[in-house]
Amino acid sequence: MEKTYNPSAIERAWYDRWQAAGLFHSDAGRGGEPYCIVIPPPNVTGILHMGHALNNTIQDILVRWRRMQGRNTVWMPGTDHAGIATQNVVERALRAENRTREDLGREDFVERVWRWRAEYGSTIINQLKRLGASCDWQRERFTMDEGLSDAVAEVFVRLHAKGLIYRRNYIINWCPRCHTALSDEESAHAPARGKLYYIRYPLGASGRRAAPPPDYVVVATTRPETLLGDVAVAVNPRDARYRDLPGRVVTLPVLGRALKVIRDDFVDPAFGTGVVKVTPAHDPNDFEMGLRHGLEPVNVMNGDGSMNEAAGPYAGMDRFECRKRILKQLEDEGLLEKVEDHEHAVGHCYRCDCVVEPRLSLQWFVKMKPLAAPAIEAVKDGRVVFVPARWTKVYLEWMENIRDWCISRQIWWGHRIPVFTCGACGKEWAQKGRPETCPQCGGGKIEQDPDVLDTWFSSWLWPFSTFGWPDDNPDLRFYYPTHDLVTASEIIFFWVARMIMAGLEFMGDVPFRRVYIHGTVRDDAGLKMSKSLGNSIDPLTVIDEFSADALRFSLMMITATGQDVFISKQKFEIGRNFGTKIWNAARFMRLQGKPAGGPLDPARLSADDMHIIAKLQAAARDCASNLERCRLNDAAAVLYEFVWHQFCDWYVEYAKDALGGPNRDDVLDLMDRVLHTALRLLHPFMPFLTEELWHAMGYGGADEFIMTAPWPDPAREDALKLEVDAGTVQYVEEKHALITAVRALRGDLGIAPSKDIRLYIEPRDAKVKERLTADAAAVGRRLNAEIAGLAGPRRKKAMPSVVCALGTVYLPLEGVVDAEAESRRLSAEIEKADKYLAGVGRKLRSVEFMTRAPREVVERQKAQREEVLERKAKLETLLKAVTETRRSAAKK
């Protein structure tokens with residue numbers, strides 16, 4: 001083994017060997033108990049970011065663990081065609097060539113996208129491989145491949161036949177930049193500081209100038225450019241202020257159109273003046289109001305966000321420029337009464353962040369309530385479980401208030417809607433494949449709907465379409481339902497909920513049993529990592545600098561279940577340093593030679609041997625328990641504590657002495673057993689390092705991999721099933737505590753670890769004295785100390801001491817410290833503590849501070865005061881002992 005671990009030299013090599021050996025692949029023919037995860041398919045345009053790294057590390061840990069348990073494991077990989085995102089990428093490339101998709105035409109443009117996908121679409125797949133993802137790459141799918149496209153068409157046709165897919169004019173979220181409709185979930189609403197404009201609408205059907213009150217009503221709006229599409233104004237029927245207004249006519253400013261006044265319960269009397277404009281073509285609530293009152297919508301905007309011919313003098317103008325010009329005209333005509341600051345939520349396109357425009361448009365929809373009902377029950381009755389459980393409420397609230405899903409998109413890249421219209425007789429029908437003739441009249445002039453389906457319409461079928469549905473096959477029957485789904489909270493509605501609905505509708509069962517929702521990746525300041533903020537950390541850079549194992553293990557250590565994770569580059573040192581520690585321990589063992597092996601003989605084991613066995617048993621038990629509960633950070637912490645502290649810091653250090661004694665073979669054999677087990681426990685978290693050490697330590701032959709080695713099983717393995725005396729374990733724990741306490745005392749007194757010291761230990765009872773007598777030399781070597789006696793010294797006052805479970809330890813200072821210099825140092829430390837305590841005391845006695853400061857700040861001040869008081873007491877005790885030492889020296 002090399003002295004220093006070099007991950008870059010081994011990670012790619014091991015991944016290639018795993019793939020070549022076919023270790024990632026399985027099928028129903030192998031039988032056994034299945035375990036299946038489907039990957040949340042990354043966009044084909046995607047590049048690995050920290051969110052991907054977190055998500056896929058969690059999945060890979062679960063998959064590797066289940067594989068080692070002997071489960072028939074499949075991790076289904078693939079990518080999403082990402083309709084809008086991918087089309088945007090290719091259109092940007094065309095713009096660089098001074099061309100548009102219209103220049104190419106639909107067929108050639110789609111072909112151009114396929115070529116782009118062939119060249120760049122595997123980028124994120126290759127990056128996932130660098131992370132160590134053990135996906136079954138032989139099964140890799142793409143949401144636009146032939147099989148999945150067939151499934152999409154099948155689902156559309158079935159839902160259409162059931163009347164669950166329909167087309168209608170409706171207000172939808174429209175992106176003027178992407179030129180397409182968006183679902184409600186794709187239009188993220190964010191708080192914005194806007195304006196509320198109070199506009200005077202003259203009463204009467206003539207005259208556009210302002211008249212003295214009460215000859216106008218004041219209407220408040222956040223979007224004055226849409227007044228060009230007003231068809232009425234409305235008041236609440238219970239609003240006494242406007243009892244006489246309904247039935248009258250008002251004049252639309254700018255265009256002079258006559259508008260009637262209507263009553264509607266939807267109007268909020270507390271908003272603005274209580275009088276609202278009704279613009280059915282540009283507001284979803286107004287659209288519903290228009291249906292109730294038989295109002296004809298007036299669309300004043302084009303798909304690119306410019307004003308159309310219905311906007312009169314503002315036709316051709318951008319919507320925001322139109323807003324400025326209308327406000328200027330209203331102000332000039334005395335019709336703009338006032339403007340107020342106003343906080344409201346504004347929708348943005350999830351792809352390009354453009355402000356979304358509510359727009360009346362003919363679109364295809366899925367009726368969701370019939371599909372949602374069984375999916376609600378599936379979560380309520382526990383067939384699908386969310387981890388953490390708090391997401392259950394979020395899911396149910398959304399599902400119980402679900403709205404129909406707009407599934408049509410006005411782009412070219414995607415699954416084209418399989419609806420056809422006969423040019424001869426006008427018949428419209430849905431079917432799979434392109435028809436040659438009309439089923440009604442036999443005509444051959446047939447047009448397909450030009451729109452494509454929402455990307456999520458293919459993704460919601462992912463858990464079963466990837467296994468070949470609608471065709472029946474052994475793999476589909478064996479692996480469906482899948483087991484765990486690992487994803488982020490932002491796609492619960494986009495994807496998770498819809499998959500549950502689709503699984504129940506088309507497979508008759510839920511698509512997965514458990515949904516693990518992990519947190520969002522943020523920087524140390526708490527901001528979400530993103531390219532636009534410039535605070536993202538490239539996982540590939542981390543892999544190059546620290547290793548893939550370091551990235552994986554560090555992420556797990558700092559990510560509590562379901563909580564956001566706060567990342568800085570320095571935090572990846574956790575995993576790197578841990579890997580180095582493991583490597584060094586294994587290398588030390590290699591240098592000792594090969595263990596003899598054979599069965600474990602409890603009669604030949606020391607207390608320290610039994611202690612490490614007990615700790616190994618606890619680590620194996622707790623790691624498995626935490627993995628079962630998706631508490632991966634707790635599992636990582638268990639392994640870190642065991643390997644770093646219990647094994648490397650305590651047992652390996654103990655072994656350095658014991659290897660020179662008569663029980664060398666027993667100690668070496670036990671170290672080997674412990675490492676053999678620890679590597680298997682660590683493998684799901686750190687696959688590359690553990691595979692390298694598995695072979696370096698001779699645990700596996702050339703074609704035997706830790707990846708397929710059995711997970712540690714207490715029923716089968718000597719060290720894991722050995723019964724360990726609890727008293728023995730407690731004694732070793734207390735011995736470690738004694739060593740730690742003496743080391744801390746040395747530090748408090750400024751005594752270097754390399755300096756020889758003497759100690760007196762006063763055991764708490766005869767049994768402890770007996771054990772410490774046998775252990776005295778070993779304890780002394782751990783402390784670079786001579787155990788001068790196992791009884792209390794005569795001059796205790798002159799010796800600083802520590803009290804621990806095994807007894808009291810005294811440290812004579814004569815000849816060890818400069819008593820006079822140490823006395824000065826301790827006095828200065830006490831004076832410093834007094835100054836701090838005086839300052840914090842004034843704060844905590846201040847009425848102003850105690851009433852104004854946040855509670856957590858006050859509690860922090862109190863906690864710090866207690867720490868300093870404790871530290872001061874310790875310093876005073878040490879000073880007293882040093883002073884006694886000075887007096888004793890003076891008497892001599």
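The following exchange asks what the terms used for this predicted model rest on.

Visitor: What kind of model is this, and what is counted?
Guide: The model is predicted; local features need pLDDT of at least 70, side-chain atom pairs count only at pLDDT 80 or more, and totals for chains, interfaces and linings use all residues. Residues are numbered from 1 along each chain as its sequence is written, and side-chain values use heavy atoms, with hydrogens and water left out.

Visitor: How do you know what confidence the predictor has in the chain?
Guide: By pLDDT, the predictor's confidence in each residue, from 0 to 100. The chain averages 91, and 97% of the residues score at least 70. Over residues 205-212 pLDDT stays under 50, and the model has 22 contacts beyond four places in sequence for that stretch; a contact means heavy atoms within 4.5 Å.

Visitor: What makes the chain more spread out than a compact globule?
Guide: The test is the radius of gyration, taken over C-alpha atoms, against a globule rule of 2.2 Å times the number of residues to the power 0.38. The chain holds 28 helices and 29 strands. Its radius of gyration is 37 Å, and the rule gives 29 Å for 892 residues, so the chain is more spread out than a compact globule. Along the principal axes, the C-alpha atoms fill a box of roughly 115 × 75 × 55 Å.

Visitor: How are helices and strands assigned?
Guide: They are DSSP runs, numbered from the N terminus: helices are H or I with at least four residues, strands are E with at least two.

Visitor: Why is D472 called exposed or buried?
Guide: Buried means under 20% relative accessible area, exposed over 50%, and partly exposed in between, with a 1.4 Å probe and protein chains only. D472 has a relative accessible area of 58%, and is therefore exposed. D472 belongs to the loop between helix 13 (462-465) and helix 14 (474-479). Across the chain, 55% of the 892 residues are buried.

Visitor: Why is helix 15 said to be largely enclosed?
Guide: Of the 16 residues of helix 15 (residues 492-507), 13 are buried, so the rest of the structure largely encloses that helix. Just after helix 15 comes G508, with a positive phi of about 75 degrees.

Visitor: How do you know that strand 22 and strand 23 pair?
Guide: Pairing requires DSSP to find at least two bridges between two strands. Strand 22 and strand 23 (residues 514-518) run parallel and are joined by 5 bridges. A488 has H518 in strand 23 as its bridge partner. Helix 2 (residues 50-68) packs on this sheet, touching strand 22 and strand 23, and its direction makes about 165 degrees with that of strand 22. Such angles run from 0 to 180 degrees between N-to-C directions; axes are lines fitted to C-alpha atoms, for helices over the stretch in contact.

Visitor: What makes strand 15 and strand 22 edge strands?
Guide: The sheet is open, with 3 parallel strands in the order 15-23-22. Strand 15 (385-387) and strand 22 (484-488) each have a single partner strand, so one side of each is left without a neighbour in the sheet. From one strand to the next, the twist averages 25 degrees.

Visitor: Why are strand 19 and strand 20 placed at the edges of their sheet?
Guide: That open sheet has 3 strands in the order 19-18-20, with antiparallel pairing. Strand 19 (428-430) and strand 20 (446-448) each have a single partner strand, so one side of each lacks a neighbour in the sheet. Here the twist averages 30 degrees from one strand to the next. Strand 18 (residues 419-422) pairs with strand 20 over 3 bridges, and F420 stands opposite Q448 in strand 20.
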